[in-house]
Amino acid sequence: MKFDIVTIFPRMVQAGLAEGVVGRGIEGGLLDVQVHDLRDYTTDRHRSVDDVPYGGGPGMVMKPEPLARAVEDIRARRGVPDAVVLLTPTGRTFTQAEAVRMTRLKHVVLLCGRYEGMDERVRTGVATEELSIGDYVLSGGEVAALVVVDAISRLIPGVVGDEQSVAEDSFTRGLLDYPHYTRPAEFAGQRVPDVLLSGHHADVRRWRKKAALARTLERRPEMLNTAALDDEERALLDEIRKETNNERD
Ligand code: 9D3
């Protein structure tokens with residue numbers, strides 16, 4: 001899959017792409033990611049990417065021409081993208097379902113904003129969609145672009161070594177993950193649950209299922225409304241509800 005990221009902080013984005021799963025996906029040729037310095041698409045002596053807002057008010061607004069020129073250059077040199085995504089706090093929220101949807105795309109351009117925002121004509125004339133990564137204020141779209149590339153990339157076959165771990169991922173399964181333990185068997189006075197040391201695989205599997213359900217009920221009960229639960233999981237959930245009622249009564 002091909003990504004082009006347009007930013008005024010190319011080194012920040014490059015650093016985020018160089019390590020881990022995405023870094024290996026690039027090295028292995030499964031991902032083709034290019035980072036473009038927005039200032040390379042300016043034409044004035046000062047390489048200006050922002051200007052004062054029409055109508056007055058605080059802060060600066062990103063100029064439309066360098067962004068439009070960057071996307072034009074990407075189109076000419078890298079091909080016509082399937083999506084040009086504007087990263088903005090006013091976009092639709094990026095979720096796991098969005099990430100899954102976007103794996104169908106072959107080529108995605110990501111535009112990172114800074115300052116108070118972008119000229120509205122970038123939204124209407126250059127971008128094809130707008131995404132936010134959640135309800136908190138960032139200083140710009142660069143970290144958001146890395147989040148989007150990471151979440152999509154790990155869904156591409158071969159990018160994550162272990163296909164099983166992708167399939168079992170909490171947001172794919174609709175439940176939170178179960179607790180994990182490694183050696184030592186006792187740490188800071190806390191023991192690893194006996195069942196995990198028992199070697200009884202069927203018991204381990206059941207314990208993990210129940211722990212995942214208990215955690216989801218406790219922390220994210222709304223996820224249980226949409227999770228596809230099998231008969232065993234529904235029975236375990238009933239058990240958990242009874243147990244927690246007993247503790248309360
Ligand atoms: C302080 C300025 N805010 C006034 C209401 C608006 C604002 C503009 C630009 C707030 C943040 C930003 C920079 N953020 C992003 O570019 C951004 C972002 C985010 O802040 N949160 C979640 N997702 C994203 S995607 C891009």
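1. Salt bridges. The structure, which is a predicted model, holds 25 salt bridges, and the points that follow take up several of these pairs before turning to the surface patches, the domains and the backbone.

2. Asp119 with Arg121. The side chains of Asp119 and Arg121 come together in a salt bridge, with N and O 2.7 Å apart. The two partners differ in their cover, since Asp119 is buried at a relative accessible area of 15%, whereas Arg121, at 52% relative accessibility, counts as exposed.

3. Arg123 with Glu130. A further salt bridge joins the side chains of Arg123 and Glu130, for which the N to O distance is 2.5 Å. Here Arg123 is partly exposed, its relative accessible area being 23%, and Glu130 is likewise partly exposed, with a value of 21%.

4. Glu239 with Arg206. In the salt bridge between Glu239 and Arg206, the closest N and O atoms lie 3.5 Å apart. This pair links distant parts of the chain, given that Glu239 belongs to helix H11 (residues 231–248) and Arg206 to helix H10 (residues 201–219), with their positions 33 residues apart in the numbering. Glu239 is partly exposed at 29% relative accessible area, and Arg206 is partly exposed at 36%.

5. The network. Salt bridges also link Arg173, Arg205, Lys209, Asp230, Glu232 and Glu233 into a network, which a colleague inspecting the model may wish to view as a group rather than pair by pair.

6. Negative patch. Asp162, Glu163, Glu168 and Asp177 gather on the surface in a patch of negative charge. Of these residues, Asp162 sits in the loop between helix H6 (142–153) and helix H7 (163–167), and Asp162 is partly exposed, with a relative accessible area of 43%.

7. Nonpolar patch. Phe9, Met12, Tyr136, Leu138, Val143 and Val147 make up a nonpolar patch on the surface, and together these residues have about 490 Å² of accessible area. Phe9 is placed in the loop between strand E1 (2–7) and helix H1 (10–18), where Phe9 is partly exposed at a relative accessible area of 35%.

8. Domains and separation. The chain is divided into domain 1 (2–153) and domain 2 (186–248), and the centres of these two domains, taken over C-alpha atoms, are separated by 41 Å. As for individual residues, His46 and Leu229 are 183 residues apart in sequence, and their C-alpha atoms are 59 Å apart in space. His46 is found in the loop between strand E2 (32–37) and strand E3 (50–51), and at 60% relative accessibility His46 counts as exposed.

9. Positive phi at Arg47. Although Arg47 is not a glycine, Arg47 has a positive phi of about 55 degrees. Arg47 lies in the loop between E2 and E3, and at 35% relative accessibility Arg47 counts as partly exposed.

10. Positive phi at Ala188. Ala188, also a residue other than glycine, has a positive phi, with a value near 50 degrees. The residue is located in the loop between E9 and strand E10 (190–191), and Ala188 counts as exposed, with a relative accessibility of 62%.

11. Cis peptide bond. Arg183 and Pro184 are joined by a cis peptide bond, for which omega is about 5 degrees. Pro184 has its place in the loop between helix H8 (170–173) and strand E9 (186–187).

Key
Residues are numbered from 1 along each chain as its sequence is written. This is a predicted model: local features need pLDDT of at least 70, side-chain atom pairs count only at pLDDT 80 or more; totals for chains, interfaces and linings use all residues. Side-chain values use heavy atoms; hydrogens and water are left out. Patches are made of residues with over 30% relative accessible area and no salt bridge: like charges are joined within 9 Å, nonpolar side chains (Val, Leu, Ile, Met, Phe, Trp, Tyr) within 5 Å. Accessible areas come from the Shrake-Rupley method with a 1.4 Å probe; for residues, only the protein chains shown count as cover. A salt bridge is a side-chain nitrogen of Lys or Arg within 4 Å of a carboxyl oxygen of Asp or Glu. Lys and Arg count as positive and Asp and Glu as negative; His and the chain ends are not counted. The place of a charge is taken as NZ of Lys, CZ of Arg, CG of Asp or CD of Glu. Helices (H or I, at least four residues) and strands (E, at least two) are DSSP runs, numbered from the N terminus. Buried means under 20% relative accessible area, exposed over 50%, partly exposed in between (1.4 Å probe, protein chains only). Domain bounds come from an automatic or database domain assignment.
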